[in-house]
Amino acid sequence: MLRFTIRRLAQLALVVVVLSMLLFAWLRMLPGGPVSALLGDRATPEARARLEADLGLDQPIFVQYWRFLGRAITGDFGTSTGVQRGSPALEVFLTRFPATLELSILALLLAVVVGIPLGYLAARKRGSWLDNVSITWSLIGVAVPVFFLAFLLKFVFAIQLGALPASGRQDVGLNATRVTGFYILDGLLTREFDAAWNSFVHLILPAIALSTIPFAVIFRITRAAVLDVMDEDYVRTARAKGLTGMVIRRRHILHNAMLPVVTTIGLQTGALLAGAVLTERVFNIAGVGQAVAIGFQRKDFPVLQVVILASAMVYVLVNLIVDLSYALIDPRLRTR
Amino acid sequence: MSRAPSAGPRRGSSTRRRVVTAGVAIVAATSLAACAQSQREAGGGGEGGTLTFGAAGAPDLFDPFYASDGETFRVTRQIMEGLVGFKPGSSDVQPELAESWEHSPDGKTWTFKLRQGVKFHDGTDFNGEAVCKNFQRMFSQTGAGQNNALSYYWIENFGGFADGKTPSLYQACDAPDAATAVVHLTRASSKFPDILGLPSFSMQSPTAMDQYQANNVQAQGDSFVYPEYAKAHPTGTGPFKFASYDESNGTIKLARNEEYWGEKAKLNELIFRIIPDETVRKQELESGAIDGYDYPNAADLKALRDAGNNVQVRDPFNIMYLGITQKNNPALQNLKVRQALAYAVDRETLVKSNMPEGASVATQFYPKTVDGYAEDVQQYPHDPAKAKQLLAEAGMPNVTLNFYWPTEVTRPYMPDPQGIYNALAEDLREAGFTINPVSKPWNGGYIDDVDNAKADIFLLGWTGDYNTPDNFIGTFFGTPTNRFYTAASPWGEELAAQLKAADGEPDEAKRNQMYQDMNRKLMSEYLPAVPLSHSPPAIVTSPRVHGLQTSPLTAEEFASVSVSEK
């Protein structure tokens, strides 16, 4: 188990180094660059040359990469040129990451809490109206673009009904104290419960919008997995043995069907990070996704590098945790 | 009850372990909570109320000297003031921190009489010495501080720095007494003192700048690192004081300056919420979360008005042109071909169908409100037949042009680049040109290519910073080797020299005469580009906002604004 974890962490390091190289080169091969983003329609050839020299962009790319590596080892990932000019890129990421994590956790929770039970029920009552309605619902979840759904939710609940806030993370007038950057947690820690509630309310619509795709996928996988397991010999045997339906369902069906579902949940974290770009834009949440959108627009290489590398690490780590959790679900895997 | 013992030893230990774990968790949580005390102060409310304005992007920093982006200036303009300001609703200069000024006949020595009893937000005095310290600070930038991306406005308007590598307009400043500052220039300039109204040259507290190391900017890695001053301690004399910037929630708060020398701000608190997406800004206004935002989409104006909002269209202070690069295509070095372009485009229809309300056809390279505007320039009405005839006369009936246009951008002067391109390309084809379209993202190669003179013709424009002709045509044609590449024509260098001479003419009447002559020549003999239109940007506020005076320079000040109850 320990060896397995160490091996996977070594793989993670390799992934990060290779990705950093590719990312570094790829960003710099895109047309345009921070210089035109900074100077815009006020650029002159002299000003451009001067700025390129000052930023070291006139150097060969491997020299630039070598410098980047040298600084990155000391924890300096460069300074933002566009998202939050002048702030260290790592700080930009750390300031924004809690917003994205808060949103993603809530969205994933929503997808799991609704998706798994519904998938299970749909499988058990295969062909029923519940099954058909949920399948249609999950199809819509995958097919409707996130931004469209987000606009729809916003239009109905925020603008027409005025029941929920249209965007942002918290009402400005609350003057809430910031501790960790996770607003809900902050509100609980400082006992500013109105602030915690306010942040939660702000998260409802974005979390629903972001959860639709993971929900649909988790629902479908659960349904398919449960259907598969239900036909297995050991379920028939268990039934023949005279075990109660409750025990069969819990121990034999649900337990064994969970393996592919947990894998899917791990893979869906990647989708969450990608979906956050759109959701954060529509709901104006100053998270990592918004930083990526602005970063590409303004060619903010340092911020893009940090954010994309960090997202890759999060993704790999989550999937490592998923792999480790297999052992809990399936004892046979522990000995390997 | 004695359930635990009867449950057996194994179970008991497990329960105990759970209890211990829970206990640890509670202790951890309470200790965390203890060090996370609420620091909430009673904000907002009070008489005057709060106004929340939707800003389109995060300000780069709060020291306007190092800034050139509108979102920074939108904030610092409320906090800081210059020696001169602009009359509300116009681009005309008026006294601000200086009550009056006079200059020597050669235009090189400027004496400013300063307003008395003015204090910076940190309580220090504004006086002659403070003025000179500000100028000295701007002039003696070193290292990264000299970079165009930081001290853009200084370089653009004053030229070089104290190290003398490039000549500077600024020479010295002295303060004979607390109420006087004398600024010495190396030559006369048409831009002085108007440029002192630019936010970049606002007067900032020398004490605060020292304390928070305002000059400590550094080029590090791929970017610049700003000092504490620029991030959290901007200190001016204005009607609002900087209160806080919450990066994680995208909000900037300003509070009323109770010790302001003039009429105090009506608002208690002014909040800027950063909302990068234009549609989201509109929705936030509709849901009542913000009280106004800038640059509403031209297509939304009617709906916004119908909903009871106040949509104000500013006076135009910009220009969009069809740029011509004379470097690559020899045909474009021929005046007749360039004139054919001008006759070919239907600017009346363009303005009517592609531009927002209040837009107008541009007859020359800047709007009417700027000095030196000439009424009698050569006109180019839409006339495809005339265009064809000119091409024939030039002996080039089949000219092929690489027409560059940008994607992923809207500018105040160019609301819909694709629509504008389509209209113009159609006009040009009708006149016999062959058009080869090249479209690139604004920050994805467009600006690079156009600046490196790779286009034949291109779409671009400019928003004025202040009311002098040099800010428009000086910027465009003062360098013969830029995107227009006027150096390819015999008059390119001559035009640059004329612009320099006019800028250095201290006599206003004479100077305006020179600019008028130049505008006539620009439109007849030179025609280095085709001016297309002026289109005024709009600003929208909710019905509860009163007293917002718009500015053609998009330099709105919120001190006069009040809000009624929701």
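**Exercise 1. Determine which residues B:Phe433 touches, leaving aside residues up to four places away in sequence.**

*Solution.* Contact is taken as heavy atoms within 4.5 Å. With residues up to four places away in sequence not counted, B:Phe433 touches B:Val337, B:Ala340, B:Leu341, B:Ala344, B:Leu391, B:Val399, B:Leu401 and B:Leu428.

The model is a predicted one, in which local features need pLDDT of at least 70 and side-chain atom pairs count only at pLDDT 80 or more, while totals for chains, interfaces and linings use all residues. Residues are numbered from 1 along each chain as its sequence is written, chains are lettered from A and ligands numbered from 1 in the order in which they are written, and side-chain values use heavy atoms, with hydrogens and water left out.

**Exercise 2. Place B:Phe433 in its nonpolar core and identify a second, separate core.**

*Solution.* A nonpolar core is a set of buried Ala, Val, Leu, Ile, Met, Phe, Trp, Tyr and Cys residues joined through side-chain atoms within 4.5 Å. Buried means under 20% relative accessible area, exposed over 50%, and partly exposed in between (1.4 Å probe, protein chains only).

Step 1. The largest nonpolar core has 134 residues. B:Phe433 is listed with B:Leu83, B:Phe135, B:Phe158 and B:Leu459 as having the most contacts inside this core.

Step 2. A second, separate core holds 36 residues, including A:Ala107, A:Leu210, A:Ala216 and A:Val322.

**Exercise 3. Describe the interface of chain A and chain B by its contacts, its area and its composition.**

*Solution.* The size of an interface is often given as the accessible area lost when the parts come together. Here, buried area is the accessible area (1.4 Å probe) that two parts lose on being put together, summed over both.

Step 1. On the side of chain A, 65 residues are in contact with 69 residues of chain B. The two chains bury about 5600 Å² between them, of which 44% is on carbon and sulfur atoms. In chain A, the residues that lose the most area to chain B are A:Asp41, A:Arg42 and A:Arg85, together 16% of what that side buries.

Step 2. The rule finds 5 salt bridges across this interface, a salt bridge being a side-chain nitrogen of Lys or Arg within 4 Å of a carboxyl oxygen of Asp or Glu. A:Arg178 and B:Asp246 meet in a salt bridge with an N to O distance of 2.7 Å.

Step 3. Helices (H or I, at least four residues) and strands (E, at least two) are DSSP runs, numbered from the N terminus. Several elements give two or more residues to the side of chain A that touches chain B, among them helix 2 (34–39), helix 3 (45–55) and helix 9 (193–230) of chain A. Helix 3 of chain A gives the most, with 8 residues.

Step 4. The residues on this side divide into 26 nonpolar, 20 polar and 19 charged. In this division, Ala, Val, Leu, Ile, Met, Phe, Trp, Tyr, Cys and Pro count as nonpolar, Asp, Glu, Lys and Arg as charged, and the others, Gly among them, as polar.

**Exercise 4. Trace the salt bridge of B:Glu556 and B:Arg314, and set out that of B:Arg115 and B:Glu99.**

*Solution.* Over all chains, the rule counts 34 salt bridges.

Step 1. The side chains of B:Glu556 and B:Arg314 meet at 2.7 Å, N to O. B:Glu556 lies in the loop between strand 22 (545–546) and strand 23 (562–563) of chain B, and B:Arg314 in the loop between strand 14 (310–313) and strand 15 (318–324), so that the pair links distant parts of the chain, 242 residues apart. Both B:Glu556 and B:Arg314 are buried. They belong to a network of salt bridges with B:Glu71, B:Arg74 and B:Asp294.

Step 2. B:Arg115 forms a salt bridge with B:Glu99, the closest N and O atoms being 3.9 Å apart. The pair ties together parts that are 16 residues apart in sequence, because B:Arg115 lies in the loop between strand 5 (109–114) and helix 4 (128–139) of chain B and B:Glu99 in strand 4 (residues 98–103). B:Arg115 is buried, at 18% relative accessible area, whereas B:Glu99 is partly exposed, at 44%.

**Exercise 5. Locate the cis peptide bond at B:Pro193 and the positive phi of B:Leu527.**

*Solution.* Step 1. The peptide bond from B:Phe192 to B:Pro193 is cis, with omega near 5°. B:Pro193 is in the loop between strand 7 (180–185) and helix 6 (206–211) of chain B.

Step 2. B:Leu527 is not a glycine, yet has a positive phi of about 40°. B:Leu527 is in the loop between helix 17 (508–526) and strand 20 (529–534) of chain B and is buried, with a relative accessible area of 0%.
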